[in-house]
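Reader: I would like to go through this structure one step at a time. Please start with a helix and then turn to the places where chains meet.

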4 protein chains.
Amino acid sequence: MIKVGIIGATGYAGAEIVRLLYSHPQAQIVWYGSRSYVDERFASIYKNMFTLVEDKCLDDNILELSKQVDVIFTATPQGYLAGVLTEEILSNCKVIDLSADYRIKDVETYEKWYGITHKSPQFIEEAVYGLCEINRDKEVGARLIANPGCYTTCSILTAYPLVKAGLIDPSTLIIDAKSGTSGAGRGAKLPNLYCEVNESIKAYGVTTHRHTPEIEEQLGYACGQKLMLNFTPHLVPMNRGILVTEYASLVKKDGKLPTKEDVMKAYHDAYDDEFFVRVLGYGECPETKWVEGSNFVDVSCMIDERTGRVVMMGALDNLVKGAAGQAVQNMNIIFGLDEKMGLDFAPMFP
Amino acid sequence: MIKVGIIGATGYAGAEIVRLLYSHPQAQIVWYGSRSYVDERFASIYKNMFTLVEDKCLDDNILELSKQVDVIFTATPQGYLAGVLTEEILSNCKVIDLSADYRIKDVETYEKWYGITHKSPQFIEEAVYGLCEINRDKEVGARLIANPGCYTTCSILTAYPLVKAGLIDPSTLIIDAKSGTSGAGRGAKLPNLYCEVNESIKAYGVTTHRHTPEIEEQLGYACGQKLMLNFTPHLVPMNRGILVTEYASLVKKDGKLPTKEDVMKAYHDAYDDEFFVRVLGYGECPETKWVEGSNFVDVSCMIDERTGRVVMMGALDNLVKGAAGQAVQNMNIIFGLDEKMGLDFAPMFP
Amino acid sequence: MIKVGIIGATGYAGAEIVRLLYSHPQAQIVWYGSRSYVDERFASIYKNMFTLVEDKCLDDNILELSKQVDVIFTATPQGYLAGVLTEEILSNCKVIDLSADYRIKDVETYEKWYGITHKSPQFIEEAVYGLCEINRDKEVGARLIANPGCYTTCSILTAYPLVKAGLIDPSTLIIDAKSGTSGAGRGAKLPNLYCEVNESIKAYGVTTHRHTPEIEEQLGYACGQKLMLNFTPHLVPMNRGILVTEYASLVKKDGKLPTKEDVMKAYHDAYDDEFFVRVLGYGECPETKWVEGSNFVDVSCMIDERTGRVVMMGALDNLVKGAAGQAVQNMNIIFGLDEKMGLDFAPMFP
Amino acid sequence: MIKVGIIGATGYAGAEIVRLLYSHPQAQIVWYGSRSYVDERFASIYKNMFTLVEDKCLDDNILELSKQVDVIFTATPQGYLAGVLTEEILSNCKVIDLSADYRIKDVETYEKWYGITHKSPQFIEEAVYGLCEINRDKEVGARLIANPGCYTTCSILTAYPLVKAGLIDPSTLIIDAKSGTSGAGRGAKLPNLYCEVNESIKAYGVTTHRHTPEIEEQLGYACGQKLMLNFTPHLVPMNRGILVTEYASLVKKDGKLPTKEDVMKAYHDAYDDEFFVRVLGYGECPETKWVEGSNFVDVSCMIDERTGRVVMMGALDNLVKGAAGQAVQNMNIIFGLDEKMGLDFAPMFP
């Protein structure tokens, strides 16, 4: 039985780890860390867990925690883990970080987009970017996993097959992303009030959203060159779900555009062995509802011969595959368990 | 491994059985019956099951089906099962009926409220009303289970402890119920369109809703006398969930109203051994969100000393404990399995 | 042209006054009072008014304000107006108060339910309770209007005809109310976050909600006796709208229950001359959507002969007839304008 | 007083014309045409108009109607008006068509995208494309107005200033559009059910949506060359509102990208005299909520210097500026009234 500690257990992502691990046969949470709710029962803050979790929340003493558990999940604000991580902690237990602290290899890029000085850059190199479907092999033996962002996971997995196969021109990539409101967290802020969000849609963080360099870096590895793209997130009146719609110019070969068969082959080559990535039929549009509550990502694409572009689409649940579910999937991988353990259930509809 | 057939697999309740049984370790669906989608892949109609269910839908030949399975779930319109059920079917396999056909013992009452002639009243007596927490013992050995309605389950379990303990006057009971829209089914009708339901609330079926006599009958057993009550359902702009708010006059003993301790004792006496009924603190208001996707019912109450009434409240997920989840719970009971099997997971929040 | 000042212009109710008065031909806002946003443009806080309102917000110096305007609307927290109101202010201009400070005639009742010491009880007697359809005549010449609460307006207008006509027993009255989330105000509090409200329904303030004594007092006037009732509000995932479902036992005359014709006659007697109260057909269920954005209240009822009770139903827009619209209607009355001025537009659907 | 007839009065767009004209001081509806509800009271189908409209629905005899009114609005399916329009009708009264029949000048393009044979192409040339802010002058004296589509109005007005000013390369234009569900109409279809739309977002009509050629044609006029673009609509769980997010490469001059000042100047040059187009601050993101229920369009943009692209954004209410409101605005123009008449009210928030 893997002993688990969570720091930031009472944010939406942390609480989702609690929900998922309740059904995990090989993991047991022993530390519900929460700065805001120390000494309160976890189940009085997240009443879905009433009668299921008896524990109270503890403070976030990560060093002490690291001695008691096999793995720590940090579902914390940017900069927290970088500020407290030490070699001693990493020698005590595994760390799976849901913040951005160790996702970006170039510390300058991190500091520029996040406006924070990185306090422990010495661990960046050993951190493995935990996008399971792509980096699974690198995770074996890893001590520190940088769990990818929600927008990032969806954006990358949707474009990855065509980028890797060289079928699209990376410099033309435009990502228009739409997210449910749980992505904004549980902070009591005016823009997140029901009446402000309901019956409305808007873009935000235009040209400046922090997930941009993370997407660029990972897709850059896939195509072997640096790339810059447009990423525009939108806030949608729903609790969960991210949909990305991505546009790129197809690369002609011998004067001809890639065909429907070419693009679908790229998707199937990339994902046919993956349980959690479901390749829909050509031109079939993913809907966030069909993956709700689950660790699945649904992807597809459609060619526009008139403009020579391809429209790629992907959908996931931002709290599961976009956060807690992928974190559990990473835990399974680094502990040598079946990757699907605790995650093999059907999406909820409607 | 229990072999399962579903008739009406492509309605919301039927599809929820499919979702739940996907994670059930001892049951396997072998027949996805659907009059509307014969020969289409189930997963093309419910895309949440894409890659998880490969089967196509079959017609609803229940006799043939009964020879191939251990249990049939009928998630069908009122009157269907009564029209086709035979002794041969019941001798072939168990039947768990999610319609109202066998819920009401008095056939005249059934025919009056449903406006249908009952075509096989001979099976009414042997049918067990499958409200697990109350009738569990009667289900052992049963061939035919009448799975309770969604409003009914919530209404009964919320009032049952106080009715049974004689703390309230049954003739004063008023039930004001609020339901998510999945309760209206997947039929393409104008009143269920998004723009008609969203941003609105309304009552419907005032004084005439068909779940009324079912509630009256079952609560009548609890208090040992016939009762008539007001039941008013409302349509709420959300997918899942039923909340009931129930009002009744408290019965004085020796000139004194029951106390907070008296009413809570009644709830705890009734439910402390029940996994799926969670008794909240006195006066704590249940929210449908905290049980979403799960088989739990949350109940509580509060006394109003000014008026001498008690306000009882209960919340459940209409598609789970209100339909498919309770049906699976019934299956577990009649096959001698752990009652929680396949249902022991946490509600989803947010 | 009536000069208007608003204190609390940047709450939802205050901003709704701004929206409504934009189209009012005889009123002009000259003071947008807002403690939180002094010196900021009103239209930067409520962007719906962009290009339509150029003014900046001012502080809430009510004495100074009273010298510059003909009428002040106070859309402020409980206790504010009672703390600052003076004879001088009332001699300078009219005051229409959207808080509860002057709604309840019995100061002890006010202080008990609101937990506040009333700081200027000397003005309570002269204040007119501004439920236009009932107190219109008393408003002529009034200096101080206590604008009714949102739940209150809906609850009273729905029951008033049957209470007044003596057709129901007031001691049996139970009000189950459902409100959209704008009723909770624009404060940045966790329970009002989108993800907490969406896809859920709950009761709150059970047996203790502050609108209870206001409803009891006004309905008491209608039937000529004191009454106590149960009032239970619920939070519904929608922006606007209140629906009330009210239950009461019918009073028999000569051993017979009132008929459908009797109850409808009471409604028509009460409201046939009222533009803003629409009496639906017998048994027709009001929906909040059909009054959205407007000053209308839709009411109806249905008799349950089995239980001898009547179910009364009413719907309004909590920010319009439940707050700002009624305040404007009151302004029209006390200034001798056509009561419909600025309010005669159709509800928005969908 | 202008006498108005509506054909298709009981669709969402038709009913919105009824709502708007209720407050129009110079227009009166005398014919509520509805194939589905002949002889039923309009207000029994759209209960928001209860007590406000007494008329019954009539059939859609357009020739007869044309003799009785000054203007006909056709809010009808594609192909209807083309099938019935005659010279006689046009000599009797003005026609404002909310369908696509006369929007596209090239009949082949129309027939290809709509899959319909155009039955009266002889009127295409005289029809004026009623995008008021751009074609106002051409509308004087027009008999037939082709009222623009909802997506189209938003897409064009958002890009128009930069296209016209030559600041962007038209061949790089990508339009990602998001619409509320009322755009799908009031037809009882499964994909429009509440539970199918709520808590989900999806793209549809990818590369094939019929508004594409309409946008291309009009923007082509603005830049003086043919263009092809990508247009991807999405369905959003809200009733009203369209948001477009548009991407295009900026055109360098003397090796330099246009500046923030350059792009904003283009917007202000285009719209500073327009009441209904509101130019937000540079980089300020429009939200559909801030224009809800009104005839306004809010637009803005932001440059991404890293990629050399500009992100343009626009928001409107699809039933008002995207349909009925613009139709009324067109009516005002062709009858020489103040363009704002009946439309000069504030958006509703929240």
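**A helix and two interfaces**

Author: The buried residues of helix α7 of chain C (residues 132-139) are C:Cys132, C:Glu133, C:Asn135 and C:Glu139. Buried means under 20% relative accessible area, exposed over 50%, and partly exposed in between (1.4 Å probe, protein chains only). Helices (H or I, at least four residues) and strands (E, at least two) are DSSP runs, numbered from the N terminus. This is a predicted model, in which local features need pLDDT of at least 70 and side-chain atom pairs count only at pLDDT 80 or more, while totals for chains, interfaces and linings use all residues; side-chain values use heavy atoms, with hydrogens and water left out. Residues are numbered from 1 along each chain as its sequence is written, and chains are lettered from A and ligands numbered from 1 in the order in which they are written.

Reader: Within what arc do the buried residues of α7(C) fall, seen down its axis?

Author: The arc is that of the directions from the helix axis to the C-beta atoms. On the other side of α7(C), C:Asp137 and C:Lys138 are exposed. The buried residues line one face of the helix, because they fall within an arc of 155°.

Reader: How many residues of chain C are in contact with chain B?

Author: Contact means heavy atoms within 4.5 Å. Chain B brings 50 residues to this contact, and the number from chain C is 50.

Reader: What area is buried between chain C and chain B?

Author: Buried area is the accessible area (1.4 Å probe) that two parts lose on being put together, summed over both. In chain C, the residues that lose the most area to chain B are C:Glu199, C:Ile201 and C:Arg306, together 17% of what that side buries. Carbon and sulfur atoms give 55% of the area buried between the two chains, which is about 4,300 Å².

Reader: Which residue of chain B meets C:Glu216 in a salt bridge?

Author: A salt bridge is a side-chain nitrogen of Lys or Arg within 4 Å of a carboxyl oxygen of Asp or Glu. The count between chain C and chain B is 4 salt bridges. In one of them, at 2.6 Å from N to O, the partner of C:Glu216 is B:Arg306.

Reader: How many salt bridges does the rule find across the interface of chain A and chain D?

Author: The contact here takes 50 residues from chain A and 50 residues from chain D. The side chains of A:Glu216 and D:Arg306 form a salt bridge (2.6 Å, N to O). For this interface the rule finds a count of 5.
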